[in-house]
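Hi everyone, thanks for making time for this. I'd like to walk you through one structure, starting from a single side chain and working outwards. Please have a look at it first.

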Amino acid sequence: MSRITHLRAQVSKTFPFDFLPALRWPAQRPTHRDAVPAIIAAALRRSQQRPSGNWYAFAASSAIKTRPYGTTVAGQELVAWRGEAGVLHVGPGECPHLGADLATGTVDCGALICPWHGLRLNGAREFGWRPYPSHDDGVLAWVRLDGIGGETPTDQPVLPVRPDGEQMHAVTRLVGTCEPRDIIANRMDPWHGSWFHPYSFSRLEVLTTPPADDDLAEELDRFLVAVTFRIGRLGVPVVAEFTSPEPRTIVMRIVDGEGTGSVVETHATPVGPGPDGLPRTAVLEAVIAHSDRSGFAYATRAAPLIAPFMRHAAARLWRDDLEYAERIFKLRNR
């Protein structure tokens, strides 16, 4: 190892950034020959064949507090709330009495009270109201809808491996006119990153791709990408892998470089048809950051201040990527 190389390695341990030259977007190497449609399509097919256990991520865990939370998944109106000891309850959003919107009710001593006639629901099956199986993983809230999923149900959702030790997280939610598979397909095209998101990514190189084969072991089914995350004129070089553990989830995990072990989970949840009759899909992106640096433990204490910036960055990316997904949906259903 030369003296300069050794010095750079030592500096990178304390200062993980690279100084990036001024961006010349047209001068990037074109990636259209590398982004083979057959590779993307095969990866998507394999993803869609994996079991989900009928679980749907529908909200950030932190979004469900002392007030009822209303949402729609696959056309079904839902209400969620926290019972005693913070236990998550999820069920139909329509009151079984006369159809009131339970999300406009009140939570009292862990029970949900209907605003129309005071019907009290404790989270168990009562008065014709039946709860759905739910799961809170500390980052996301999930609901199991067996009548929608149509698969063999499982006790818990298929959860990606998350980093151990100190971490901070933020969840962003946006809705687009497309289907869940279009969201997943977007992330299975890593080649578009530095072209379509030059404000976030530089020096992107796809190192390995899975073959265009429908029969492939899941542990081999990944895209491996070298990329530099941009922060203005500074960059953080990493190596990341993209995998899809179930049909509505795709995960980017940093496997080398600053923040190794950190993950970005993208969950695509069907909402239902919009006023125009076209499908709507919610993107829930959970960024779970981790670092072995000693100072990271102190940074986590400022998580409430940092999380909004994490959400802003994710929202900016997905506002662009929803255009991509919506375009793919439109072409697919032309």
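Let's start with methionine 310, which is buried, at a relative accessible area of 16%. Buried here means under 20% relative accessible area, exposed means over 50%, and partly exposed is in between, with a 1.4 Å probe and protein chains only.

A word on where this comes from: the model is predicted, so local features need pLDDT of at least 70 and side-chain atom pairs count only at pLDDT 80 or more, while totals for chains, interfaces and linings use all residues. Residues are numbered from 1 along each chain as its sequence is written, and side-chain values use heavy atoms, with hydrogens and water left out.

Back to our methionine. Methionine 310 sits in helix 7; helices (H or I, at least four residues) and strands (E, at least two) are DSSP runs, numbered from the N terminus. Which residues does methionine 310 contact, leaving aside neighbours within four places in sequence? They are Met168, His169, Ala170, Val287 and Ala289, where contact means heavy atoms within 4.5 Å. Take alanine 170: in sequence it is 140 residues from methionine 310, yet their C-alpha atoms are 6.3 Å apart in space.

Now the helix as a whole. Helix 7 covers residues 303-332, 30 residues in all, and spans 41 Å from its first C-alpha to its last, close to the 44 Å expected at 1.5 Å a residue. That expected span is 1.5 Å times one less than the number of residues. The buried residues of helix 7 include Ala307, Met310, Ala314, Leu317, Trp318 and Asp321. As a reminder, an α-helix has 3.6 residues a turn, so residues three or four places apart point the same way. Among the elements that cover the buried residues of helix 7 are strand 11 (168-176), helix 4 (180-187), strand 12 (201-208) and strand 17 (279-289).

Helix 4 deserves its own moment. Seven of its eight residues are buried, so helix 4 is largely enclosed by the rest of the structure. Those seven are Pro180, Asp182, Ile183, Ile184, Ala185, Asn186 and Arg187. Their cover includes helix 2 (37-48), strand 14, strand 15 (249-257) and, once again, helix 7.

Next, the empty space. Rolling a probe the size of a water molecule over the atoms shows where empty space is left. On a 1 Å grid over the protein atoms alone, a cavity is a set of points where a 1.4 Å probe fits but cannot get out, and a pocket is an open set with protein on both sides within 12 Å along at least five of seven lines; lining residues have an atom within 4 Å of a point. Points are joined across faces, edges and corners, and a volume is the space filled by probe spheres set on them.

How much space lies in the largest pocket? About 1,400 Å³. Its lining has 47 residues, and Phe229, Ile231, Val287, Met310 and Ala313 lie nearest its centre. So methionine 310 turns up again, and helix 7 gives the largest share of this lining, nine residues. By class, the pocket lining has 29 nonpolar, eleven polar and seven charged residues. For those classes, Ala, Val, Leu, Ile, Met, Phe, Trp, Tyr, Cys and Pro count as nonpolar, Asp, Glu, Lys and Arg as charged, and the others, Gly among them, as polar.

There are also two cavities of 30 Å³ or more. The largest has a volume of about 60 Å³, and strand 14 (residues 234-246) gives three residues, the largest share of its lining. The second largest cavity holds about 40 Å³, with five nonpolar, three polar and two charged residues in its lining.

A few smaller points before I stop. How many disulfides are there? Zero, taking a disulfide as a pair of cysteine sulfur atoms within 2.5 Å. For cysteine 109, the nearest cysteine sulfur belongs to cysteine 114 and is 18 Å away. Cysteine 109 is exposed at 60% relative accessible area, whereas cysteine 178 is buried at 0%.

And for the backbone fans: alanine 85 has a positive phi, near 65°, without being a glycine. Alanine 85 lies in the loop between strand 4 (76-82) and strand 5 (88-92) and is exposed, at 83%. Arginine 203 also has a positive phi, about 45°, but its place is in strand 12, and it is partly exposed at 47%.
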